[in-house]
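Trainee: Please choose one part of this model and take me through it closely, following its connections outward as far as they lead. I would like each term explained when it comes up.

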Amino acid sequence: MAVVWPTACAYKGLGMSPIDAVTLHGQGALAAPTLSSTAETYNPALAPVGARVSATLTPSANSSTAELTVSGMLPNRSYAAHAHTNVCGQTGAAAGPHYQNRIDPAATPQKPSTDPQYANPRNEVWLELRTDAAGSGTARTTVPFVFGDRGPGSIVVHEGMETETTPGKAGQAGARIACVTLAPQGQGTDVHRSS
Ligand SMILES: [Cu+2]
């Protein structure tokens with residue numbers, strides 16, 4: 001399985017064929033956001049500075065398995081986390097809405113998708129994390145799609161302990177407390193921030 005993901009300009013410029021599926025990865029120790037940070041806390045009381053976060057989204061055939069591993073978070077606590085469209089930024093909002101495989105046509109930047117037909121764990125990437133007594137934990141999910149020329153930019157950890165599934169609330173999990181930026185594995189995190 002090819003895991004290389006040249007930048008769009010590079011592979012267009014070189015005339016290379018598009019790549020089917022990519023592995024996305026991000027990791028780091030949570031810190032206050034800076035212009036270049038890729039693992040950030042927006043709420044150190046719930047996502048402590050120095051906590052380690054690692055996320056990998058690995059394609060296989062027509063599905064992808066996402067894994068989120070943390071240490072140094074609050075002990076014996078559940079956290080809802082999801083793949084979001086944009087890379088992490090100065091605030092939790094910068095990560096944008098949830099990444100959807102089939103994009104909800106009714107969603108807008110002001111009103112993200114809350115329709116369970118689109119905002120569900122088979123069309124989005126939901127990771128329901130549970131930490132142990134030491135504050136460590138791993139969440140894993142498999143979704144029936146892969147990432148190619150479009151993919152999520154981050155994994156966002158929310159304040160909520162689980163993700164809502166009811167119409168009008170589906171996908172919601174409260175405030176954004178931490179974020180890790182994803183990049184195609186094998187490349188640096190040469191992402192372009194919009195703010
Ligand atoms: Cu989310």
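Mentor: The part to look at is an open sheet of five strands, in the order β7-β4-β3-β1-β10 with antiparallel pairing, where strands are DSSP runs of E of at least two residues and helices are runs of H or I of at least four, both numbered from the N terminus. Its edge strands are β7 and β10 (183–184), each of which pairs on one side only; two strands count as paired if DSSP finds at least two bridges between them. This is a predicted model, so local features need a pLDDT of at least 70 and side-chain atom pairs count only at pLDDT 80 or more, whereas totals for chains, interfaces and linings use all residues. Residues are numbered from 1 along each chain as its sequence is written.

Start with β4, which has pairing on both sides. Toward β3 the pairing is antiparallel over nine bridges, and there L57 has A66 of β4 as its bridge partner. The hairpin of β3 and β4 has two residues between the strands, and in it A61 takes a positive phi near 50°. Toward β7 the pairing is again antiparallel, over seven bridges, and T65 has T142 of β7 as its bridge partner. The two faces of β4 differ in their cover: S64, A66, L68 and V70 form the covered face, while S63, T65, E67, T69 and S71 form the uncovered one. The two bridge partners named for this strand are thus split between the faces, with A66 on the covered face and T65 on the uncovered one.

The covered face leads to the nonpolar core, a term for a set of buried Ala, Val, Leu, Ile, Met, Phe, Trp, Tyr and Cys residues joined through C-beta atoms within 7 Å. A residue is called buried if 20 or more other C-beta atoms lie within 10 Å of its own, exposed if 12 or fewer do, and partly exposed in between, with C-beta atoms placed from the backbone. The largest such core has 42 residues, and those with the most contacts inside it are V53, L68, A81, L127, I155 and A178. Among the elements that give two or more residues to this core are β3 (52–60), β4 (63–71) and β7 (137–143) of the sheet, and also β5 (78–84), β8 (154–158) and β9 (176–181). In soluble globular proteins, nonpolar side chains tend to be buried together.

From L68 one can step to A81, which, leaving aside neighbours within four places in sequence, is in contact with L68, L127, L129, A139, I155, V156, V157 and H158; two residues are in contact if their C-beta atoms, placed from the backbone, lie within 7 Å. Several of those partners belong to β8, in which five of five residues are buried. Both faces of β8 are covered, with S154, V156 and H158 on one side and I155 and V157 on the other. β8 pairs with β5 in the antiparallel sense over four bridges, where H82 has V156 as its bridge partner, and five bridges join β8 to β9, also antiparallel, with S154 standing opposite T181.

In β9 lies I177, which is buried because 23 other C-beta atoms lie within 10 Å. Its contacts beyond four places in sequence are T41, Y42, N43, L46, A47, V157, H158 and E159, and its C-alpha is 7.8 Å from that of P44, although the two are 133 residues apart in sequence. C88, in the loop between β5 and β6, is buried because 29 other C-beta atoms lie within 10 Å, and beyond its sequence neighbours its contacts include S154, C179, V180 and T181.

As for confidence, the mean pLDDT (the predictor's confidence in each residue, from 0 to 100) is 88 for the protein chain, and 85% of its residues reach 70 or more. Read with caution residues 1–18, where pLDDT stays under 50, and likewise residues 188–195, where pLDDT also stays under 50. For the wider setting, the chain has one helix and ten strands, and buried residues make up 41% of its 195 residues.
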